[in-house]
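Subject: Structure handover

Hi,

Here is the structure I promised to pass on. Please open it first, then read the notes below alongside it.

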Amino acid sequence: MTETPWYLDGRLHYGVGIEDTFIPQEAIGHRKLDEYELTQHYARWESDLELVAESGAEFLRWGVPWYLVEPRPGEFDWSWTDQVVSKMRALGLRCVVDLMHYGTPLWLENAFLNSSYPERVASYARAVAERYGEVWTDYTPLNEPFVNAEWTGQNALWPPYLHGQDGFVRIMMQLARGMVRTQQEISAVLPEATFVHVDAGFLYEGETSPLPRSLMELRRTLALDLITGRVDADHAILPYLTEHGVTASDLEWFRANAVTPDVIGVNYYPRFSNGRVEDGAFTPVRSDAWGLRRLVEMYSERYGLPMVITETSLVGTPAEKIEWLRDSAAELHALRAEGHPIGGFTWFPFFTLVDWLYRFDQKRPDEWFMEFGIVDLVRRADQGLERVPNEAFEVFQRLAAEGRGQ
């Protein structure tokens with residue numbers, strides 16, 4: 001008898017995530033950005049995982065640093081990840097593995113533009129699944145393809161530094177091919193693997209420029225539409241893709257190789273995910289629980305697949321975080337009662353992160369700390385970053401316990 005998947009067992013599972021952006025390439029004015037290094041997770045990973053377990057989280061979104069695990073093509077160093085996986089098993093933590101959280105290895109020339117990228121990332125993903133498949137069964141092929149295509153392809157902020165809509169589309173097509181090939185390769189060695197597609201759930205207010213709002217909203221789900229083979233001659237985004245170099249044979253490849261994720265992961269930040277776009281500049285507008293509802297309803301109607309809220313949090317006081325924990329949990333319970341298959345809630349990031357803008361100046365990491373977490377990072381005299389749970393930590397514990405008792 002087949003076991004019911006965890007995300008469909010009738011409960012709302014509570015999880016957390018550790019910020020895991022890795023952009024190792026350096027350039028003039030652009031320094032390395034490795035969140036594990038900046039938050040000292042490489043040194044404190046064991047106690048970090050113990051703190052995750054103490055929080056009551058049933059699952060953890062955690063990423064493999066590809067650029068360190070595969071330092072040369074086809075040559076793997078599992079010495080650190082072996083220890084991490086062993087600890088996760090001992091703690092009973094389910095890991096939703098972030099295989100690709102933005103950056104590529106240093107040896108991959110031109111990053112995502114490299115013609116071999118889709119096969120390289122799929123080969124790496126298969127190697128991870130072959131080694132850890134007995135413990136890790138849940139995989140995200142690539143985190144937030146929309147944001148990735150914006151930062152690397154449209155806004156020229158990360159390698160390979162493309163600009164404009166041509167750049168966005170070129171990068172998105174490569175990312176989507178890599179996602180398809182990753183799911184195919186993992187499925188070949190782990191047929192029962194669970195795939196969690198994670199993307200940023202942006203909402204837009206009023207008209208947008210220079211792209212119209214209707215196109216902005218279509219781009220938001222482009223990666224998922226591509227990998228599931230939905231982009232055909234009748235798709236509303238086809239003229240945009242054609243204008244920027246996508247061919248009929250490109251789209252036929254996706255239809256012939258269509259994959260379907262088991263879970264749609266929705267990332268939603270109540271003070272950032274909704275906003276106005278004028279002349280390409282995004283101005284956030286606070287949206288709270290109604291924004292979360294709008295996204296869940298949109299994804300539910302469009303795809304009809306199980307969902308997990310894979311990221312949500314805010315920068316604010318512990319009291320504000322507690323308010324959002326309670327409000328978002330209440331909204332999710334209401335949506336579940338209405339029939340939306342939501343199986344999980346993730347507070348992401350678990351502790352303080354270093355703003356990505358750190359990459360573009362020479363300020364100390366502390367000057368870029370963003371207090372998203374239910375655990376704060378406090379710099380001590382020995383330069384160590386102590387993990388200090390704030391008041392929201394206990395509220396999360398209680399919600400997680402209630403979730404387990406449902």
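Start with helix 13 (residues 318-337) and helix 14 (residues 391-404). This is a predicted model, and in it these two helices pack at an angle of about 20 degrees. Their axes are 8 Å apart. That makes helix 13 roughly parallel to helix 14, since angles under 35 degrees count as such. The crossing is right-handed. On the helix 13 side, the contact uses P318, K321, I322, L325, R326 and A329. Helix 14 answers with E391, A392, V395, F396, R398 and L399. Sorted by class, the contact has 8 nonpolar and 4 charged residues, and no polar ones.

Helix 13 has another partner. Helix 12 (residues 288-303) packs with helix 13 at an angle of about 35 degrees, and the axes are 10 Å apart. This crossing is right-handed. From helix 12 come D288, A289, L292, R293, V296 and E297. They meet W324, S328, E331, L332, A334 and L335 in helix 13. The classes here are 7 nonpolar, 1 polar and 4 charged residues.

Next, the barrel. It is closed by 8 strands, in the order 1-4-5-6-7-9-12-13. The pairing is parallel. From one strand to the next, the twist averages 25 degrees. Take strand 12 (residues 307-312) and strand 13 (residues 342-347) as an example: 4 bridges hold this parallel pair. One residue to find there is T312, whose bridge partner in strand 13 is W347. Helix 13 comes back into view here. It packs on the sheet and touches strand 1 (13-17), strand 12 and strand 13. The direction of helix 13 makes about 170 degrees with that of strand 13.

There is also an open sheet. It has 3 strands, in the order 8-10-11, and the pairing is mixed. Strand 8 (203-204) and strand 11 (281-284) stand at the edges. Each has a single partner strand, so one side of each is left without a neighbour in the sheet. Strand 10 (residues 274-278) runs antiparallel to strand 11, and 4 bridges join the two. Look for G275, which stands opposite P284 in strand 11.

A hairpin is worth a look too. Strand 16 (residues 375-379) and strand 17 (residues 385-389) run antiparallel and are joined by 5 bridges. D376 stands opposite V388 in strand 17. The hairpin has 5 residues between its strands, and Q383 takes a positive phi near 75 degrees.

Now to helix 5 (residues 117-132) and helix 7 (164-189). They pack at an angle of about 30 degrees, with their axes 8 Å apart. That makes helix 5 roughly parallel to helix 7. Helix 5 passes helix 7 in a right-handed crossing. The helix 5 residues in the contact include Y117, P118, V121 and A122. Those of helix 7 include Q174, L175, R177 and G178. By class, the contact has 10 nonpolar, 3 polar and 6 charged residues.

Some backbone details follow. Most residues other than glycine have a negative phi, and most peptide bonds are trans. Here are the exceptions to look up:

- P159 to P160: the peptide bond is cis, with omega near 10 degrees. P160 sits in the loop between helix 6 (145-154) and helix 7.
- A156: phi is positive, about 55 degrees, although this residue is not a glycine. A156 is found in the loop between helix 6 and helix 7.
- S209 to P210: a cis peptide bond joins them, and omega is about 5 degrees. P210 lies in the loop between strand 8 and helix 8 (213-220).

Last, the salt bridges. How many does a search of the whole structure find? The total is 29 salt bridges. One to show on screen is E50 with K87, whose side chains meet at 2.8 Å, N to O. This pair links distant parts of the chain. E50 is in helix 2 (residues 41-54) and K87 is in helix 4 (residues 79-91). The two residues are 37 residues apart.

Best wishes

Key: Residues numbered from 1 in each chain as written. Predicted model: local features only at pLDDT ≥ 70, side-chain atom pairs only at ≥ 80, totals over all residues. Heavy atoms only, no water. Axes fitted to C-alpha atoms, helices over the stretch in contact; angles between N-to-C directions. Parallel < 35°, antiparallel > 145°, perpendicular 65-115°, else oblique. Left-handed = near helix turned anticlockwise from the far one by under 90°. Contact = heavy atoms within 4.5 Å. Nonpolar A, V, L, I, M, F, W, Y, C, P; charged D, E, K, R; others polar. Pairing = 2+ DSSP bridges. Salt bridge = Lys/Arg side-chain N within 4 Å of Asp/Glu carboxyl O.
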